[in-house]
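Trainee: I would like to learn how to read the features of a model such as this one, step by step. Could we take a few of them in turn, with the general idea before the particular case?

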Amino acid sequence: GSLGLDQSLLLPAGASGHAESIPPRLVLIDRQVDLVTPMVTQLTYEGLIDEIFGVKHSYVDIDPEVATGGPVDPGGQRAPKIKVALNSNDALYGEVRDLNF
């Protein structure tokens, strides 16, 4: 074609013998070649929260001790986790979520 496209790639697979002769491609990178990627962490505050606590559907479950800064129940019973919404309704979080630390 005039755009430099191989027109046979635009046809359905059974329309020409050429499209069927292109094998699928898969690229595998061995971790011995790419040593840095497993050690890379997210460099925003939102990414840090995800790395430490695990964000699921814009919520994070945290221990009450983390939220209050100290023990919640000195009686020895474990208090249930607190579900915290991570969204722009929290003024501080909305301001720092995408900033690098």
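Trainee: Where is Phe53 placed, and is Phe53 buried, partly exposed or exposed?

Mentor: This is a predicted model, and every value we discuss is computed from it. The general idea is that a residue counts as buried under 20% relative accessible area and as exposed over 50%, with partly exposed in between. Phe53 has its place in helix H2, and because its relative accessibility is 35%, Phe53 counts as partly exposed. In space, the C-alpha of Phe53 is 9.7 Å from that of Asp63, a residue 10 positions away in sequence.

Trainee: What is the overall pattern of the protein along the sequence, and what share of its residues is buried?

Mentor: The protein has four helices and two strands, and read along the sequence they follow the pattern α-α-β-α-β-α. Of the 101 residues in the protein, 11% are buried.

Trainee: How should I read a nonpolar patch on the surface, and which residues form the one here?

Mentor: A residue enters a patch if it has over 30% relative accessible area and no salt bridge, and nonpolar side chains are joined within 5 Å. In this model the nonpolar patch is formed by Leu43, Tyr45, Leu48, Ile52, Phe53, Val66, Leu99 and Phe101, which together have about 740 Å² of accessible area. Helix H2, residues 45-53, gives the most to this patch, with four residues. Val66 is one of the patch residues and is found in helix H3, residues 64-68; because its relative accessibility is 46%, Val66 counts as partly exposed.

Trainee: What volume does the largest pocket have, and which residues line it?

Mentor: For a pocket, one reads the volume, then the lining residues, and then the elements and classes they come from. The largest pocket has a volume of about 220 Å³, and its lining consists of Ile49, Phe53, Val60, Ile62, Val66, Val84, Ala85, Leu86, Asp90, Leu92, Tyr93 and Val96. Two or more lining residues come from each of H2, strand S1 (59-62), strand S2 (82-85) and helix H4 (91-96), with H4 giving the most, at three residues. By class, the lining holds 11 nonpolar residues, no polar residues and one charged residue. Phe53 and Val66 are among the residues of this lining, and both also belong to the nonpolar patch.

Trainee: How many salt bridges does a search of the whole structure find, and which parts of the chain do they link?

Mentor: Side chains of opposite charge can pair when their charged atoms come close. The search of the whole structure finds two salt bridges. In one of them Glu46 pairs with Arg97, with the closest N and O atoms 2.9 Å apart. This pair links distant parts of the chain, since Glu46 is in helix H2 and Arg97 in the segment after H4, 51 residues apart. Because its relative accessibility is 24%, Glu46 counts as partly exposed. Another salt bridge joins Asp63 and Lys81, whose closest N and O atoms are 3.9 Å apart. Asp63 lies in the loop between S1 and H3, and Lys81 in the loop between H3 and S2, so this pair ties together parts that are 18 residues apart in sequence.

Trainee: In the loop between H2 and S1, what is the phi of His57 and of Ser58?

Mentor: When reading backbone angles, it is useful to look at the sign of phi together with the residue type. His57 lies in that loop and has a phi near 55°, a positive value in a residue other than glycine. Ser58, found in the loop between H2 and S1, has a positive phi of about 65° although it is not a glycine. Because their relative accessibilities are 76% and 44%, His57 counts as exposed and Ser58 as partly exposed.

Trainee: How far apart in space are Lys56 and Ala85, and where does Lys56 lie?

Mentor: Here one sets separation in sequence beside separation in space. Lys56 lies in the loop between H2 and S1 and is exposed, because its relative accessible area is 60%. Lys56 and Ala85 are 29 residues apart in sequence, and their C-alpha atoms are 9.8 Å apart in space. Similarly, Glu51 lies in helix H2, and the C-alpha atoms of Glu51 and Thr41, which are 10 residues apart along the chain, are separated by 7.7 Å.

Methods:
Residues are numbered from 1 along each chain as its sequence is written. This is a predicted model: local features need pLDDT of at least 70, side-chain atom pairs count only at pLDDT 80 or more; totals for chains, interfaces and linings use all residues. Side-chain values use heavy atoms; hydrogens and water are left out. Patches are made of residues with over 30% relative accessible area and no salt bridge: like charges are joined within 9 Å, nonpolar side chains (Val, Leu, Ile, Met, Phe, Trp, Tyr) within 5 Å. Accessible areas come from the Shrake-Rupley method with a 1.4 Å probe; for residues, only the protein chains shown count as cover. A salt bridge is a side-chain nitrogen of Lys or Arg within 4 Å of a carboxyl oxygen of Asp or Glu. Buried means under 20% relative accessible area, exposed over 50%, partly exposed in between (1.4 Å probe, protein chains only). On a 1 Å grid over the protein atoms alone, a cavity is a set of points where a 1.4 Å probe fits but cannot get out, and a pocket is an open set with protein on both sides within 12 Å along at least five of seven lines; lining residues have an atom within 4 Å of a point. Grid points are joined across faces, edges and corners, and a volume is the space filled by probe spheres set on the points. Ala, Val, Leu, Ile, Met, Phe, Trp, Tyr, Cys and Pro count as nonpolar, Asp, Glu, Lys and Arg as charged, and the others, Gly among them, as polar.
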